[in-house]
Structures are given as C-alpha cells and as structure tokens.
Amino acid sequence: MKILLVEDSPTLRHATSTYIRNAGHDPILAKSGEEALQIVDTTPVDMIIMDVEMPGLDGFETTRLIREWLGEHWVPIIFVTGLAEDANLREGIDVGGDDYLVKPVNQVILSAKIRAMERILNMRNELNRLNEELVQLSQRDSLTGLFNRRTFEEKSTEVWRHATRSQQPVTVILMDIDYFKLYNDEYGHQAGDRCIRMVANALHRCLNRPNDIVARYGGEEFIALLPNTPIEGAQHVTELIRETVEEMHIKHRGSKMSDRVTVSLGSTTTNFTTAIDLNRLISQADRALYEAKNDGRNRATVTLHSPEATVLVVDDDEQSLNSIHQALEGHCALISTGNATECLRFARDRYPDIILLEVYLPGVNGFEICRKLKADPDTSHIPVVLLSSSSETSELIEFARQVKASACFQKPLDTHKLIAHVRKALKS
C-alpha cells in the first residue's frame with residue numbers, strides 16, 4: 001500500500017517510515033498538515049498515519065479537511081500522539097480518525113495496526129466489487145448482455161436532457177428479427193436464444209460509441225438511442241446493422257423471404273427535442289419499423305421527425321424575420337406575416353402554439369393586437385411574446401404585463417434566450 005506519513009519531527013519521520021517499509025509498504029512523507037493536503041489532492045493513498053501535534057494545521061484539523069475533500073471515498077487514518085487522555089481520543093474519532101497510536105511508536109504494534117486496516121480495506125474493496133457486479137446484473141439483460149428495458153429508460157432520460165441542452169440531433173432505432181417465431185418453431189427455443197445473442201452481438205459491434213444506448217427491448221426486439229446522430233448517420237448505421245446480420249449467414253429455413261436470419265429496422269431522427277418527448281420519438285420509430293416489415297422485411301425505414309408545433313411570427317422587418325427563422329428552424333413550423341388582420345385570422349384559423357409579435361408595425365399598435373388576442377376566447381390561451389426595438393426594456397415589460405403577454409424581448413434578439421423561452425412554452 002501507499003501510506004502517507006504526516007510527521008513534523010525528522011527523527012520520528014525517519015523511524016516510522018522505516019517501520020512502514022519493513023512492513024512491506026511504500027511511505028509517502030509530509031512534514032506538515034498543509035503538505036499532506038497537497039499530497040492527498042494529487043496522489044492516491046491507501047492509508048494515512050497522522051501526527052496530532054504539529055505547528056500550523058494540527059492532525060485533527062488536517063484530518064477533518066481530508067475527510068471533506070475525499071467525501072465518500074474512505075481512507076483509514078491512524079493518529080500518532082503523545083497525549084493519551086480520553087478527551088483527545090474522542091476528539092480524534094469525532095474528526096474522522098480510525099485508530100490511535102501513542103508515542104513512542106512500537107514497530108510491532110504499528111505493523112499489526114497496518115495489517116488490521118489493510119484487511120478492512122480489502123473487505124471494502126471486495127464489497128465494492130460485488131456491489132458493482134450486482135449493479136451490472138440489474139442493468140443488463142441476462143441473455144444478451146445488452147442493457148435491459150428499465151435501464152434503457154433510465155439512461156436515455158439523461159441523454160435526452162443533454163440533447164436538449166446542446167440542441168443536438170437524436171436518433172432512435174427499433175429492430176426486430178424477421179420471422180423469429182418461425183425460427184423457434186423450426187429450430188427450438190435454445191437455438192432461438194443463440195440466435196438472439198448473435199444478433200445482439202452484431203448490434204453491439206455496429207453501435208459502439210461510448211454514449212450510444214443499446215438495449216434488448218423485449219423478445220426479439222431491440223432498441224438504440226444515438227445522441228448527436230443526424231438522419232444521414234441514422235441511414236448509414238441502420239443499413240450497416242442490416243447488412244452485418246445478413247452476412248452472418250444464420251440459417252433460417254422457416255423464413256418466408258430469405259434462407260438466413262434477417263432483421264427489419266425503423267428509425268426516427270429529430271434535429272431538436274423542442275415540443276417532442278422521447279416516448280413520441282420511439283412511437284414514430286415503431287411506425288417506421290412497421291413500414292419496413294410491411295414493405296417486405298430485411299430493410300430499414302429511416303424517417304425525420306417534422307416539428308408539429310407552430311409559431312406565428314408577426315413582423316415586417318426582413319432582418320428580424322431571417323434571424324427568427326434561422327433560430328427556430330427545425331424546432332417548430334413557422335408562419336409569418338406583417339399584417340395585423342392576417343395575424344388575427346391566422347391565430348383563429350391555425351391555432352399556433354405561440355405568437356411572436358412586433359409591437360410597432362406600420363400603422364398598427366401591437367399592444368392592441370395582443371389585447372384582442374387575449375380577449376378572444378378562441379385565442380386567449382395562446383402565449384404571446386412581444387418584440388420591440390423602440391421601447392425601453394422597463395417600459396416594454398410594463399406593457400407586456402398590462403396586455404397579458406407571456407414575455408417580451410428587445411431587438412436585436414438574443415436568439416439563445418428566445419429559443420429557450422419558445423422551448424419552455426411549447427413543452428408546458
């Protein structure tokens with residue numbers, strides 16, 4: 001073990017480090033509490049032998065700071081002190097010490113205490129290893145070694161959140177082994193299990209990026225969530241999976257369309273997670289899988305999610321319109337007009353999910369338009385965001401409050417804040 005020895009006395013430091021070497025371990029030496037903290041910050045140690053009485057940071061304060069720094073990672077700490085009063089022993093245990101040695105240090109006793117702490121460390125490490133194995137077993141499908149469905153749902157939530165924060169595309173793939181029931185009928189369930197394992201291995205080889213989540217979804221069905229994967233990547237990887245399985249040449253006399261095992265895949269990609277959740281994307285991938293099967297199987301159907309939410313932009317400024325379109329393209333469908341009458345008509349006829357309204361259109365008072373929208377029972381529920389390059393911020397905020405607008409933005413627009421507000425409004 002690497003044992004950190006914290007001792008300000010050169011004589012005791014030399015003697016104790018010799019005892020540590022004689023016990024078969026490597027001493028790392030610190031002359032003070034401050035130096036010990038620097039070592040713990042940069043060097044992993046297995047045990048600490050800590051002098052209590054030191055100038056500057058004493059052993060108790062140094063131990064307290066080490067425990068705070070290491071958190072849940074436990075390293076045994078043995079105090080060495082010339083004080084043997086009960087109060088000192090109690091204080092040492094309270095700040096995080098595990099054992100006590102009274103000076104002068106006896107080599108036999110020190111070696112025995114090191115062996116005792118080493119046994120505890122070994123038991124802890126073995127317990128941690130077993131706990132990690134249990135976690136792995138609870139997360140994995142016992143037949144294929146892929147994640148199980150419950151773990152997929154847990155891990156995909158964080159991937160989805162990251163995609164939302166980073167505004168990256170996400171792809172979901174669903175895959176089914178073609179005519180698998182007929183395979184079981186022909187070769188038996190044990191052969192069917194071997195077939196599932198071989199297909200799972202092929203899937204794992206094709207989807208091996210660290211953040212890809214691949215799981216057995218149930219029976220002969222598999223699912224994958226691929227972060228930062230646009231539709232071109234989805235097309236490439238689904239075809240790669242299909243070809244890899246087909247080229248394994250697993251015989252399938254019961255298949256109605258091939259002499260070997262094949263798979264069908266359905267994939268859906270969304271460029272942004274605005275106004276869609278993962279379950280809906282999985283449902284769309286499931287529909288794509290149904291199409292692949294309906295079109296003859298042994299094929300991949302890849303689809304791009306089209307935004308279902310609609311944003312009505314009421315503005316006649318070409319530069320502002322371009323900025324909004326560039327910011328929101330892919331997040332939602334956009335309708336734009338610079339006409340007040342069209343704005344009211346579009347709001348009643350098309351039921352947009354949110355309205356971005358410039359308050360100073362030529363010959364039009366945007367605040368009055370907002371009042372009319374909020375007074376109409378058919379449009380009162382639609383969030384209205386006011387845009388302005390003329391009003392002072394405080395004045396615009398007050399006007400927005402009076403006309404019951406959901407938010408207001410000063411031009412030139414901060415597109416990141418606008419996207420965040422639109423996303424929040426569409427998900428609420």
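Where does Pro-104 lie? Pro-104 is found in the loop between strand S5 (99–102) and helix H5 (107–139), where helices (H or I, at least four residues) and strands (E, at least two) are DSSP runs numbered from the N terminus. The model is a predicted one, in which local features need pLDDT of at least 70 and side-chain atom pairs count only at pLDDT 80 or more, while totals for chains, interfaces and linings use all residues. Residues are numbered from 1 along each chain as its sequence is written, and side-chain values use heavy atoms, with hydrogens and water left out.

The peptide bond that joins Lys-103 and Pro-104 is cis, with omega about -5°. A cis peptide bond also joins Lys-411 and Pro-412, with omega about 0°, and Pro-412 lies in the loop between S17 and helix H15 (415–427).

Strand S17 leads to the sheet to which it belongs. This is an open sheet of 5 strands in the order S12-S11-S13-S16-S17, with parallel pairing; two strands pair if DSSP finds at least two bridges between them. Strand S12 (333–337) and strand S17 (407–410) stand at the edges, each with a single partner strand, so one side of each has no neighbour in the sheet. Neighbouring strands of this sheet are turned by 20° against each other on average, direction ignored. Strand S11 (residues 310–314) is joined to S12 by 5 bridges, and the two run parallel; within this pair, Thr-310 stands opposite Ala-333 in S12.

Helices lie across these strands, and their directions can be given as angles between axes, which are lines fitted to C-alpha atoms, for helices over the stretch in contact, with angles running from 0 to 180 degrees between N-to-C directions. Helix H11 (residues 318–328) lies across S11, S12, strand S13 (354–358) and strand S16 (384–388), and runs at about 170° to S12. Helix H14 (residues 393–402) lies across S16 and S17, running at about 155° to S17.

Another packing to follow is that of two helices on each other. The axes of helix H12 (residues 340–350) and helix H13 (residues 366–375) come within 11 Å and cross at roughly 20°. H12 and H13 are therefore roughly parallel to each other, a description that applies to angles under 35 degrees. Ala-340, Cys-343, Leu-344 and Ala-347 in H12 meet Ile-369, Lys-372 and Leu-373 in H13, where contact means heavy atoms within 4.5 Å.

Thr-63, in helix H3 (residues 59–70), offers a view of a single side chain. At 0% relative accessibility, Thr-63 counts as buried (buried means under 20% relative accessible area, exposed over 50%, and partly exposed in between, with a 1.4 Å probe and protein chains only). A polar atom of the Thr-63 side chain lies 2.8 Å from the backbone oxygen of Gly-59. Leaving aside residues up to four places away in sequence, Thr-63 touches Met-50, Ile-77, Phe-79, Val-95, Gly-96 and Gly-97.

Two loop residues deserve a look at their backbone angles. Tyr-179 has a positive phi of about 50° although it is not a glycine, and its place is in the loop between strand S6 (170–177) and helix H7 (180–187). Arg-297, likewise not a glycine, has a positive phi of about 70° and lies in the loop between helix H10 (278–294) and strand S10 (300–304). At 23% relative accessibility, Arg-297 counts as partly exposed.

Methods: Polar contact = N/O pair within 3.5 Å; in protein donor to acceptor, adjacent residues only side chain to side chain. Parallel < 35°, antiparallel > 145°, perpendicular 65-115°, else oblique.
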